[in-house]
Amino acid sequence: MIKEVLIVEGKMDVVAINKAVDADCIITGGFTLNKRTLTDIKAAYERRGIIILTDPDSAGERIRKFLSERFPNAKHAYVPRIEATANDDIGIEQASPESIRAALSKVRTMEINPREEFTAAEMIKYGLSGGVESSKLRDKIGAVLGIGYGNVKTFVKRLNSYGVTREEFLNALEND
């Protein structure tokens, strides 16, 4: 049983999670997030903690950002886009139990005062920006580090906000 409450977008996400782990979930119902849902999330955050596990798409990222601003000590888990895509649909409900368990094994918490360890210029140096395969490489490295996919600006922000160490980053690059 996972101690924290998982925050997901839909009913089918809960079905997929229940195949992978024993956890309580709160469904956002998309970005609408009515008052009752926010009250439930706040109660879970204060009592048990929450893990935000939204879809790896733009809507999921908007929900994640919205919730992160309100619940700064929330934990975050990311299922890589490629592992959450099937039948021309992207979402947690498409992920295998193994992918969900892997994402939950790499949970991270945002730091209140992010470091400035990594820069956009370094992403060019390591082939994570400016190249034909840069997007795919960021996706792979993000999956290894448990920080998800993002454009260069988002990726650098996550590296710095989630406390990724230089050693973790270089190991992820080497093992690509």
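Is Glu168 buried, exposed or partly exposed? Glu168 is partly exposed, because its relative accessible area is 29%, which falls between the 20% limit for buried and the 50% limit for exposed. Keep that residue in mind, as we come back to it in point 3. One thing to know before we start: what you have in front of you is a predicted model.

1. **The sheet.** Let's begin with the strands. Five of them make an open sheet, and reading across it the order is E2-E1-E3-E4-E7, with mixed pairing. The two edges are strand E2 (25-27) and strand E7 (108-109), each of which pairs on one side only. Try finding E2 and E7 in the structure, and then work inwards from either edge.

2. **How E4 meets E7.** Now look at one end of that order. Strand E4, residues 75-76, pairs with E7 in the antiparallel sense, and two bridges join them. If you want a residue to click on, take His76: its bridge partner in E7 is Arg108.

3. **Arg108 and Glu168.** Arg108 has a second job for us, since its side chain also meets that of Glu168 in a salt bridge, at 2.8 Å from N to O. This pair links distant parts of the chain: Glu168 belongs to helix H8 (residues 166-174) and Arg108 to strand E7, 60 residues apart. Arg108 has a relative accessible area of 13%, so it counts as buried, while Glu168, at 29%, is partly exposed.

4. **Glu4 and Lys75.** Strand E4 has a salt bridge to show as well. The side chains of Lys75 and Glu4 come together with 2.6 Å from N to O. Here too the pair links distant parts of the chain, with Glu4 in the segment before E1 and Lys75 in strand E4, 71 residues apart. Glu4 counts as buried because its relative accessibility is 10%, whereas Lys75 is partly exposed at 27%.

5. **A salt bridge inside one helix.** Compare that with Lys42 and Glu46, which form a salt bridge whose closest N and O atoms are 3.8 Å apart. Both sit in helix H2 (residues 35-47), and because they are four residues apart there, about one helical turn separates them. Why does that spacing matter? An α-helix has 3.6 residues a turn, so residues three or four places apart point the same way. As for exposure, Lys42 is partly exposed at 44% relative accessibility, and Glu46 is exposed at 56%.

6. **The wider salt-bridge picture.** How many salt bridges are there by this rule? The count comes to 14. Some share partners, and in this way Glu111, Arg115, Glu117, Glu122 and Arg166 are joined into one network.

7. **Aromatic pairs.** A search of the whole structure turns up five aromatic pairs. One of them is Tyr45 with Phe71, a tilted pair with 5.0 Å between centres and 55 degrees between the planes. Tyr45 is in helix H2, and Phe71 is in the loop between helix H3 (58-70) and E4, 26 residues apart. Phe71 counts as buried, because its relative accessibility is 7%. Ring pairs also link Phe118, Tyr126 and Phe169 into a cluster.

8. **Tyr78 and its neighbours.** Tyr78 and Tyr162 make an edge-to-face pair, 6.1 Å centre to centre, with 70 degrees between the planes. Tyr78 is in the loop between E4 and strand E5 (85-86), and Tyr162 is in the loop between helix H7 (152-161) and H8, so this pair ties together parts that are 84 residues apart in sequence. Both tyrosines, Tyr78 and Tyr162, are buried. Tyr78 also has Arg64 lying over its face, at 3.9 Å from the ring centre. You can find a similar arrangement at Tyr149, where Arg81 lies over the face at 3.7 Å from the ring centre.

9. **The buried face of H4.** Which residues of helix H4 (residues 97-104) are buried? They are Ser99, Ile100, Ala103 and Leu104. Looking down the axis of H4, these buried residues fall within an arc of 130 degrees, so they line one face of the helix. What covers them includes strand E1 (5-8), helix H1 (11-20) and strand E3 (50-52).

10. **A last stop on H1.** Met12 is found in helix H1. With 53% relative accessibility, Met12 counts as exposed. Met12 and Gln94 are 82 residues apart in sequence, and their C-alpha atoms are 8.8 Å apart in space.

How values were computed. Residues numbered from 1 in each chain as written. Predicted model: local features only at pLDDT ≥ 70, side-chain atom pairs only at ≥ 80, totals over all residues. Heavy atoms only, no water. Buried < 20%, exposed > 50% of the residue type's maximum accessible area, 1.4 Å probe, protein only. Arc of directions from axis to C-beta. Contact = heavy atoms within 4.5 Å. Pairing = 2+ DSSP bridges. Salt bridge = Lys/Arg side-chain N within 4 Å of Asp/Glu carboxyl O. Phe/Tyr/Trp six-rings, centres within 6.5 Å; stacked < 30°, edge-to-face > 60°. Lys NZ or Arg CZ within 6 Å of the ring centre and 35° of its normal.
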